[in-house]
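Thank you all for coming; I would like to take a few minutes to walk you through a structure that may be new to you. Please have a look at it on the screen before I begin.

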Amino acid sequence: MSDHAGAFSGGIAGRARRGPDRAGRGGHGHDLLSATGHGQGGPASKFVTVAYGFWIFLLSDIIIFSAFFAAYAVLSKATAGGPTGKDLFELTRVAVQTGLLLTSSFTGGLATLAAHRRSMAATQSWLLVTGLLGVAFLFLEVQEFAAMVGEQAGPSRSAFLSAFFALVGCHGTHVGLGLLWLGTMMAQLWVKGFRADFLRRLHCFGLFWHALDIIWVAIFTLVYLLGASP
C-alpha cells in the first residue's frame, strides 16, 4: 500500500516538475499541487493535507471497530444455549470471501497505477474488476447472514450473535458504501477525466479499501478461525 502511495505521490511531483501543460488529460493535472505553499517551508499541498485528513478519519473508524471487537470478545461465549460459531461458520465460504477482498485490494492498486499513467481504459477496467470482486464478497456475506437467520440464529438469538452481526455487518456496510463511492468515482472519471480532485479521491479510496482489508483479516482470524475451532 505504501509503495503505491509513494509511487503515486512521486509521479505527481514529477509531473509538477515537468510543468502543468503535460500533467494529465486536458491539462487538469496542474491543479493537483495548486495549493502548494511558498518555498520549501511553505504549507503542504492539498494532496498531502487531504490524505492526512483522511488518515485521521480512518483512525477514528478503526477505533469504532476496536469497540466492536472488544464487545465480541466479551460476548463470544454468551450463546444462551443457542448455536456457537463452530455450529454456524463455514470456513470455506469465508476463505473465498477473504480471497475476493484481498484480490480486490490488489486490483485497486493496479487502478491507481493506471491513473498515474493517465490510462483511462486501464483505470476504469481495474476499478470495474475491483467493484465486481467487492460485490461478490458482499453477496457471500449477505447469503451467510440470510442462512443464519433462516436457521433461527439471527442477531436477537443471543448476545454472541448480536455481537457477531454488529461486527461483521459493520464491515459489510463499509464495503457497500465503498462500492457506492467507487461507482460514483468511475462515472466522474469517465465524464470529466483525470482532474486533480478525482485523483485525490482515488488515492483516499485506495486507503479506505486497504483499511477494510486489514479489518477483514482481523475478523477472519479472531471471529471465524477462533470461533470454528474446537
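**A walk outward from Glu-141**

Let me start at one residue, Glu-141, which, if we leave out residues up to four places away in sequence, touches Gln-97, Val-168, Gly-172 and Trp-216. I should say straight away that what you see is a predicted model, and I will try to speak with that in mind. Glu-141 has its place in helix H5, the helix that runs over residues 120-150. Is Glu-141 buried or exposed, and which side chain of opposite charge is nearest? Glu-141 is buried and yet has no salt bridge, and the nearest side chain of opposite charge, that of Arg-93, is 9.7 Å away. With a salt bridge requiring a nitrogen and an oxygen within 4 Å, that leaves Glu-141 without such a partner.

Let me step back for a moment to the whole protein. The secondary structure comes to 7 helices and 0 strands, so that, read along the sequence, the pattern is α-α-α-α-α-α-α. Of the 230 residues, 46% count as buried. If we take the contacts with a separation of 6 or more, residues 24 or more positions apart account for 77% of them.

Two of the helices deserve a word on their length. H5, where Glu-141 sits, has 31 residues and reaches 44 Å from its first C-alpha to its last, which is close to the 45 Å expected at 1.5 Å a residue. H4, with 26 residues, reaches 38 Å between its first and last C-alpha, close to the expected 38 Å. Each of these helices is followed by a residue with a positive phi: just after H4 it is Arg-118, at about 60°, and just after H5 it is Gln-152, also at about 60°.

Now to the interior, and to Trp-216, which we have already met as a contact of Glu-141. Which residues touch the most other members of the largest nonpolar core? They are Phe-164, Trp-216, Ile-219 and Tyr-224, out of the 52 residues in that core. The elements that give two or more residues to this core are helix H2 (46-75), helix H4 (91-116), H5, helix H6 (159-192) and helix H7 (196-228), and the largest share, 16 residues, comes from H7. Leaving aside neighbours within four places in sequence, Trp-216 itself is in contact with Val-94, Gln-97, Thr-98, Leu-101, Phe-137, Glu-141, Val-168, His-171 and Tyr-224. Gln-97 and Val-168 are therefore on this list and also among the residues that Glu-141 touches.

The aromatic rings give another view of this region. The count of aromatic pairs comes to 15. To take one of them, the rings of Phe-54 and Phe-57 have their centres 5.3 Å apart and their planes at 45°, so the pair is tilted. Both residues lie in helix H2, 3 residues apart, about one turn of the helix. In general, an α-helix has 3.6 residues a turn, so residues three or four places apart point the same way. Phe-54 is buried, with a relative accessible area of 14%, whereas Phe-57, at 37%, is partly exposed. Elsewhere, ring pairs link Tyr-72, Phe-89, Phe-137, Phe-145, Phe-160, Phe-164, Phe-165, Trp-216 and Tyr-224 into a cluster, and in that cluster you will recognise Phe-164, Trp-216 and Tyr-224 from the core.

Finally, let me come back to charge. How many salt bridges are there? The count comes to 3. One of them joins the side chains of Glu-90 and Arg-93, at 3.4 Å from N to O; Glu-90 is partly exposed, with a relative accessible area of 43%, while Arg-93, at 14%, counts as buried. Arg-93 is, you will recall, the nearest side chain of opposite charge to Glu-141.

Asp-197, which counts as buried at 18% relative accessibility, meets Arg-195 in a salt bridge of 2.6 Å, N to O, and Arg-195 is partly exposed at 27%. The side chain of Asp-197 also meets that of Arg-201 in a salt bridge of 3.8 Å. These shared partners join Arg-195, Asp-197 and Arg-201 into one network. Asp-197 and Arg-201 both lie in helix H7, 4 residues apart, about one turn of the helix, and Arg-201 counts as partly exposed at 32%.

Key
Residues are numbered from 1 along each chain as its sequence is written. This is a predicted model: local features need pLDDT of at least 70, side-chain atom pairs count only at pLDDT 80 or more; totals for chains, interfaces and linings use all residues. Side-chain values use heavy atoms; hydrogens and water are left out. Buried means under 20% relative accessible area, exposed over 50%, partly exposed in between (1.4 Å probe, protein chains only). Lys and Arg count as positive and Asp and Glu as negative; His and the chain ends are not counted. Contact means heavy atoms within 4.5 Å. A nonpolar core is a set of buried Ala, Val, Leu, Ile, Met, Phe, Trp, Tyr and Cys residues joined through side-chain atoms within 4.5 Å. The expected span of a helix is 1.5 Å times one less than its number of residues. Rings of Phe, Tyr and Trp (its six-membered ring) pair if their centres lie within 6.5 Å; planes under 30 degrees apart count as stacked, over 60 as edge-to-face and the rest as tilted.
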